[in-house]
Every structure is written in C-alpha cells, then in structure tokens.
Amino acid sequence: MEDFLIEKVERKSKVELPENIVFGKIFTDHIFEMEYEASKDGWQKPTIKKFENLSISPAAMVFHYGQAIFEGLKAYKQVNGRIALFRPEENVKRLNRSAKRLCIPEVDSQLALKAIIELVKIDKEWIPSKPGYSLYIRPFIIATEPCFGVRPSESYKFIIILSPVGPYYPEGFLPVPIMVTDKYVRAIRKGTGDCKAAGNYAAGLIAQVEAKKEGYSQVLWLDAVEQKYIEEVGAMNIFVRFKDEVATPALTGSILPGITRMSVIQLLKDWGYNVSERPISIQEVIEAYEKGELIEIFGTGTAAVISAISKLKYNEKVLHFSDTTPGELALKLYDELTGIQYGKIEDRYGWITYVE
Ligand SMILES: *Cc1c(COP(=O)(O)O)cnc(C)c1O
C-alpha cells in the first residue's frame with residue numbers, strides 16, 4: 001500500500017470544547033485528501049494535511065449535477081483510554097456501494113480504512129472523553145472535473161474530515177415526536193435511496209421543515225410507490241415492536257442499509273426476540289396501536305444510536321407513547337450499543353477496531 005504523505009500542523013487551539021457542542025460545527029486540525037484522475041490511472045497521493053478551504057473550479061461537476069456521496073461514523077474514547085471505531089469496514093463497504101451507483105470510482109477499502117485510522121490518530125487530542133461525546137468522522141467523495149457535460153466526472157476528491165460531537169440528547173435520552181408524510185417522497189426503488197448520496201438529503205429537506213413547523217422533530221417516510229409502507233426516519237432506520245415481534249422494513253432498495261440497524265437485528269436475534277425484516281404498512285401500525293398491541297417504536301443510526309419515539313402523527317391520527325421515558329427495548333439497545341462502543345461491555349462480536 002502506498003504511504004501517506006503527512007503534513008502535520010500544530011493544533012489550532014488548546015481551548016476546551018464548549019459544554020454544549022452543536023453537532024458538526026467544530027472541525028479538527030487535519031483532513032485526509034486523495035485525488036482521482038481518469039487519465040492518471042486511479043486514486044493518487046493520499047495525503048493528511050491542514051484543514052483549510054478547498055480550491056475547486058466553479059464549473060466542478062459536483063456543483064451542477066450532484067455527483068457526491070458521503071459516510072458517517074464515530075471514534076470513541078473508551079473507558080480504558082483506548083480509541084475505538086465501530087464497524088468502520090462496513091462504512092467503507094457502503095461508501096463503495098454508493099460510489100458504484102453514482103458512477104464514482106471505488107476506493108481501495110484497506111486504504112480508506114487506513115486513512116480513517118491515521119487521521120483519527122493525528123487528531124486524537126480532539127476526541128472528547130466525557131461520557132456520550134465522540135469524534136464524528138465524515139468521509140466523502142465529490143466530482144471535481146470542470147465541465148457542463150452530463151456524464152460521469154473524470155476527476156474526484158476523496159476527503160475525510162472530523163468533528164468533535166456531544167451527546168445527541170444533552171438532557172438525557174428523551175423520546176422525540178415524528179410525523180409521517182405522504183405529501184413528499186424521499187426515495188424510490190432502483191433510485192439512490194439505498195446510497196448515502198448527497199442529493200437524497202436535499203430532496204427531503206422540505207418535509208423536515210414542514211414537520212418542524214408543526215412541532216415534530218423528524219419525518220417518517222412512506223414508500224414512494226403506494227405511500228402505504230413505512231420506510232425510515234430522517235437519517236435513521238425504524239423498528240416497530242409489536243406484542244410478539246420486533247419488525248423493521250425490509251431493504252427493498254429505497255431504504256438506507258444502516259450499520260446500526262444491522263447491529264440491532266443481530267443483538268435482538270441473540271437476545272431471543274422474534275425479529276423480522278418485512279413490509280410494514282402504516283395501517284398495520286395504527287391498527288396494532290388501537291388494539292393495544294404496539295409496544296414501542298424507535299429509530300437507529302450512528303448519530304443518535306437509538307432514538308425512542310414519543311408520538312407518531314399520520315394525517316389526523318396521533319399515536320402517543322411516553323414523552324419522558326424511552327421504551328424498554330430502546331433503552332436496552334442503547335445501553336448495549338453504547339456499552340460496546342465505549343468499552344464498558346465486552347466486544348463479543350468483533351465490532352470494534354482500535355485506532356491505538
Ligand atoms: C446514515 C443513514 C441511516 C443510518 O445508518 P447508520 O449506518 O446506522 O448510521 C439511516 N437512514 C439514512 C437515510 C441515512 O442517511
């Protein structure tokens with residue numbers, strides 16, 4: 001494997017991070033960057049260097065046709081002082097799946113993993129050690145060729161940046177209100193819904209803004225064809241706990257295959273729950289609620305880990321859960337996953353990669 005060029009800079013500031021860090025607003029001293037030129041036979045010059053503004057042509061294809069993909073994972077300072085990543089090889093795999101779909105050249109997985117590890121190592125001083133805090137890692141690839149032609153770009157940048165983040169729920173693990181939308185759709189089968197493609201998020205903003213106006217913090221998307229089956233929430237997958245079953249929508253092509261989702265399914269199976277991946281209609285959810293057979297609903301994703309749902313609005317119907325207390329299973333999963341991430345619970349699945 002090619003050696004990285006490392007241009008180390010001094011830490012920007014030694015000041016303590018603020019008590020309430022706003023998600024994704026503070027960045028560390030370094031970035032990882034590597035460039036692709038079709039004419040030069042692939043990805044070149046993996047470099048770790050100073051975090052500063054990019055210089056890119058205003059004609060770069062990413063600005064016009066949205067050829068951009070990203071990933072999101074975290075580095076945790078464990079209770080024993082070691083720095084841990086949670087299933088980072090899965091993020092790299094997913095990055096390459098997204099790349100393929102958007103006609104972006106894939107990156108060498110070993111090199112991408114090494115890039116994440118080396119960058120975190122260089123900026124490890126930035127990982128907060130307080131409980132619930134972590135260093136968010138954002139790898140992304142953008143098309144940089146200056147050209148108005150509608151075709152895949154012939155040059156790209158693969159960049160990784162880091163951002164120290166606080167606990168998702170600074171006031172403690174609180175359930176959130178969610179609104180089901182049938183006015184807009186997020187993604188359709190055979191589209192890019194199962195990729196972390198930048199454009200997916202732009203398309204979903206309007207529904208999120210409208211939900212916020214009504215006091216709901218996120219949107220639950222329905223399938224784009226029939227507007228009948230639940231798909232996922234914002235940047236989270238969704239689980240519905242019925243009386244005798246924990247169900248999550250099957251990955252049909254329009255849902256993002258979450259790494260937290262995959263880990264939750266594994267844990268639930270091993271705990272002996274009846275878990276299924278299948279179509280779940282919004283009607284089924286409402287009927288189960290009315291019969292008293294709906295126990296809890298929660299979202300799963302890297303940022304919040306587990307997000308309990310306090311109420312679910314669908315047109316005129318509002319299903320109420322607790323505003324203050326997360327469901328029993330949501331809490332148990334939260335404790336288990338964060339326990340493994342922070343090294344308080346044994347890593348019995350080999351999910352942890354140590355940075356050092
Ligand atoms: C990132 C993301 C998720 C969650 O994936 P994780 O790998 O668990 O973080 C779910 N849905 C969407 C739309 C996402 O972008």
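User: What makes a residue count among the 15 that surround the ligand?

Analyst: A residue is near a molecule if one of its heavy atoms lies within 4 Å of it, and 15 residues surround the ligand, the closest being Lys196, Tyr201, Glu232, Thr260 and Thr302. This is a predicted model, in which local features need pLDDT of at least 70 and side-chain atom pairs count only at pLDDT 80 or more, while totals for chains, interfaces and linings use all residues. Residues are numbered from 1 along each chain as its sequence is written, and side-chain values use heavy atoms, with hydrogens and water left out.

User: Why is the pair formed by Glu232 and a nitrogen atom of the ligand called a polar contact?

Analyst: A polar contact is a pair of N or O atoms within 3.5 Å (within protein, one must be able to donate a hydrogen and the other to accept it, and residues adjacent in sequence count only if both atoms are side-chain atoms). An N or O atom in the side chain of Glu232 is 2.5 Å from a nitrogen atom of the ligand, so the pair qualifies. A polar side-chain atom of Thr260 lies 2.6 Å from an oxygen atom of the ligand, and a backbone N or O atom of Ile259 lies 2.8 Å from an oxygen atom of the ligand.

User: Which elements each supply at least two residues of the shell around the ligand?

Analyst: They are strand 12 (236-242) and helix 5 (259-270), where helices (H or I, at least four residues) and strands (E, at least two) are DSSP runs, numbered from the N terminus.
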